[in-house]
Amino acid sequence: MIVVSTLGAAAIGATLALFFVANARLKSANTASARSATVSAAAFDVRAAVVAIDVALQQVVEEYDAKNLAQWRRASRSWEAPATALERAAAASNDRQEQRARALRDEIRSYIDDYGEPVVGIAKVSPAAVRSSVAHTEGTIRLDQIITDTDAVARNSAVIAADRSGAAGRLADQATIAGIVALVLTPVLLILLGLWLARVVADPLRQTVAAASEVAAGNFDVRLNERRRDEFGELAHVFNAMTESLSVSRSELIERADSLERSERHKSELISMVSHEVRTPLASVLGFTRLLLERDLPEADRRRYLGIVDAEATRLAALVSDFLDARLIEEGRFSLRREPFDLRSLVREQAEVTLGHDESHELELELPDRPLEIDGDRARLAQVVGNVLSNAVKYSPDGGTITVGAAEDHGHARVWIADQGTGIPPEHRGQLFQPFYRGDAAAAGIPGTGLGLAVSRRIVEAHDGRIGFDPLDRGTRFWFDLPLEAAANGRR
Ligand code: ATP
Ligand code: MG
């Protein structure tokens, strides 16, 4: 923009300067022509004075008397004033003209002194001699020369004036052409400049305003074109960064609001679940304890009822322990008692404990021959295997085979537990590991708190491991990986 406006100002300035110069030249041409008129007038006076000298001399030659002599004296003085005026006027034109005028003055004086006065003197003594053709011829020659030179001074002055006025006229013509061009081009250039400004400034400004209105209306996905390499490019870059960060913040807010909503829902689910989960075993414990206290029962019944009380109290204790684990998870307080051990023994043990007395499922164990030494918290990892195994049993109510296996896999020990149960619907797969999330289990009347997998993931991750599951054609295979002890040692 600065370049364009500078060029425009320079063009207008140049045109104006041309006008000023042309005007000055025209003025000087005017002066020259006025001067030429003065010179011509002075030359005319000089010419008249010289002719008067010649006439007076002729009269003295014709008749030498006092009157004619007085006439001659007057004429031989009266040329001085016009000659001086001519000299002054010529001096104003140039040096050459001044020299010419001065030479003319000398010529006239010489005519009077060297020719006129001697002729008058001779006329006094010998009028016949003075009328001889020789004297007359010389006078005529001299006079002609003076008149020619006088005319030359006037003519030269006219030529100078004509030259100046010609040059000034040409310059004026050029200035007029430049003026016309400027007159035509200026509006065209102004229109072009306006269009260019509209494209370069107004368009991006309009786009920015439109985008800002969109942002004000809540659309943070709007972006401006950043390709321009000027201030608008920078503005677009900053604007886009702003909308980007606004959009990220909004997503975070939405996510936080969602998670708050989820946790609120979980809490209320938890309350109803806890009341249900705690009340059932507690009711059994209370009922059977009262029965035992109030009645004298046969030994066999007594033992059976005590067994039930024991089982229900154990269930309550497990429930409380799960809650405590869940709290530890939420508060991030989780410590491990690590020791090296063979994972195969732990897997076998848990499989037998869980499935030893289960008649509706078949157990298939797939364990390697070589030990799977890991460095971990045995009790916590037993809890993980127990949780996943109990799920496999719980969520395959129609029975089937439960495959429990372990193997070495790229420096890790992998444990898997596959069932042929209900499977996990896709809409629940992303949230299974969240505390208290139970999918359709609660609705299906399957007991549980939704803490087993959340606690298990926490334990596995505390061991630098990973836990996950793969849906099968029938049922689900849960797995977890733990670093083998050699790898763990290498890392330490
Ligand atoms: P608990 O805390 O007593 O274990 P839970 O079994 O409901 O309760 P999780 O073990 O965390 O809780 O499991 C969460 C949910 O994942 C379950 O409610 C169930 O819907 C689903 N789930 C877990 N394992 C399986 C499985 N093997 N097959 C199908 N669904 C499963
Ligand atoms: Mg479970």
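Helices and strands here are DSSP runs, numbered from the N terminus, a strand having at least two residues. I worked throughout on a predicted model.

**Entry 1. Aspartate 375**

I began with aspartate 375 and found it in strand 3, which covers residues 373–376. I then asked whether aspartate 375 is buried or exposed. Its relative accessibility is 12%, and buried means under 20%, so aspartate 375 counts as buried. I also looked up its separation from asparagine 68: the two residues are 307 apart in sequence, and their C-alpha atoms are 158 Å apart in space.

**Entry 2. The nonpolar cores**

I next examined the largest nonpolar core, which has 39 residues. Those with the most contacts inside this core are Leu343, Ile374, Leu389, Ile417, Leu432, Phe478 and Phe480. I looked up which elements supply at least two residues each, and among them are helix 9 (343–355), helix 12 (452–462), strand 4 (400–409) and strand 7 (476–483). Helix 10 (378–394), strand 5 (412–418) and strand 6 (466–471) also supply at least two residues each. Helix 10 gives the most to this core, namely seven residues. I noted that another core lies apart from it, with 34 residues that include Ala49, Ile112, Val130 and Ala154.

I then listed the contacts of phenylalanine 478, leaving aside its neighbours within four places in sequence. Phenylalanine 478 is in contact with Val388, Val415, Trp416, Ile417, Ile424, Leu432, Phe433, Leu453, Gly468 and Phe469.

**Entry 3. Helix 10**

I checked the length of helix 10 against expectation. At 1.5 Å a residue, its 17 residues should span 24 Å, and I recorded 24 Å between its end C-alpha atoms, which agrees. How many of the residues of helix 10 are buried? I counted 12 of the 17, and helix 10 is therefore mostly covered, buried meaning under 20% relative accessible area. The buried residues include the run from Arg380 through Leu381, Ala382, Gln383, Val384, Val385, Gly386, Asn387 and Val388 to Leu389. Asn391 and Ala392 are buried as well. At the start of helix 10, I found a side-chain oxygen of aspartate 377 within 3.3 Å of the backbone nitrogen of alanine 379.

**Entry 4. The sheet**

I turned to the open sheet, in which five strands stand in the order 2-4-5-7-6 with mixed pairing. Which strands stand at the edges? They are strand 2 (361–366) and strand 6; each has a single partner strand, so one side of each is left without a neighbour in the sheet. Direction ignored, neighbouring strands of this sheet are turned by 15 degrees against each other on average.

I followed the pairings across the sheet in order.

- Strand 2 and strand 4 are parallel and share six bridges; histidine 361 stands opposite glycine 400 in strand 4.
- Strand 4 and strand 5 are antiparallel, with seven bridges. Here I found glutamate 408 opposite alanine 413 in strand 5, and aspartate 409 opposite histidine 412 in strand 5.
- Strand 5 and strand 7 are antiparallel, also over seven bridges; alanine 413 stands opposite leucine 482 in strand 7.
- Strand 6 and strand 7 run antiparallel and are joined by six bridges; the bridge partner of glycine 468 is tryptophan 479 in strand 7.

Alanine 413 thus faces glutamate 408 as well as leucine 482 in strand 7. I recorded strand 5 as mostly covered, with five of its seven residues buried. Strand 4 and strand 5 form a hairpin with two residues between them. In that turn, histidine 410 has a positive phi of about 50 degrees.

**Entry 5. Positive phi in the loops**

Lastly I looked up two loop residues. Phenylalanine 436 lies in the loop between helix 11 (426–429) and helix 12. Although it is not a glycine, phenylalanine 436 has a positive phi of about 70 degrees. Its relative accessibility is 15%, so phenylalanine 436 counts as buried.

Aspartate 464 is in the loop between helix 12 and strand 6. Aspartate 464 is not a glycine either, yet its phi is positive, at about 60 degrees. Is aspartate 464 buried or partly exposed? At 45% relative accessibility, I entered aspartate 464 as partly exposed.

Note on methods: Residues are numbered from 1 along each chain as its sequence is written. Chains are lettered from A and ligands numbered from 1 in the order in which they are written. This is a predicted model: local features need pLDDT of at least 70, side-chain atom pairs count only at pLDDT 80 or more; totals for chains, interfaces and linings use all residues. Side-chain values use heavy atoms; hydrogens and water are left out. A nonpolar core is a set of buried Ala, Val, Leu, Ile, Met, Phe, Trp, Tyr and Cys residues joined through side-chain atoms within 4.5 Å. Buried means under 20% relative accessible area, exposed over 50%, partly exposed in between (1.4 Å probe, protein chains only). Helices (H or I, at least four residues) and strands (E, at least two) are DSSP runs, numbered from the N terminus. Contact means heavy atoms within 4.5 Å. The expected span of a helix is 1.5 Å times one less than its number of residues. A polar contact is a pair of N or O atoms within 3.5 Å; within protein, one must be able to donate a hydrogen and the other to accept it, and residues adjacent in sequence count only if both atoms are side-chain atoms. Two strands pair if DSSP finds at least two bridges between them. Axes are lines fitted to C-alpha atoms, for helices over the stretch in contact, and angles run from 0 to 180 degrees between N-to-C directions.
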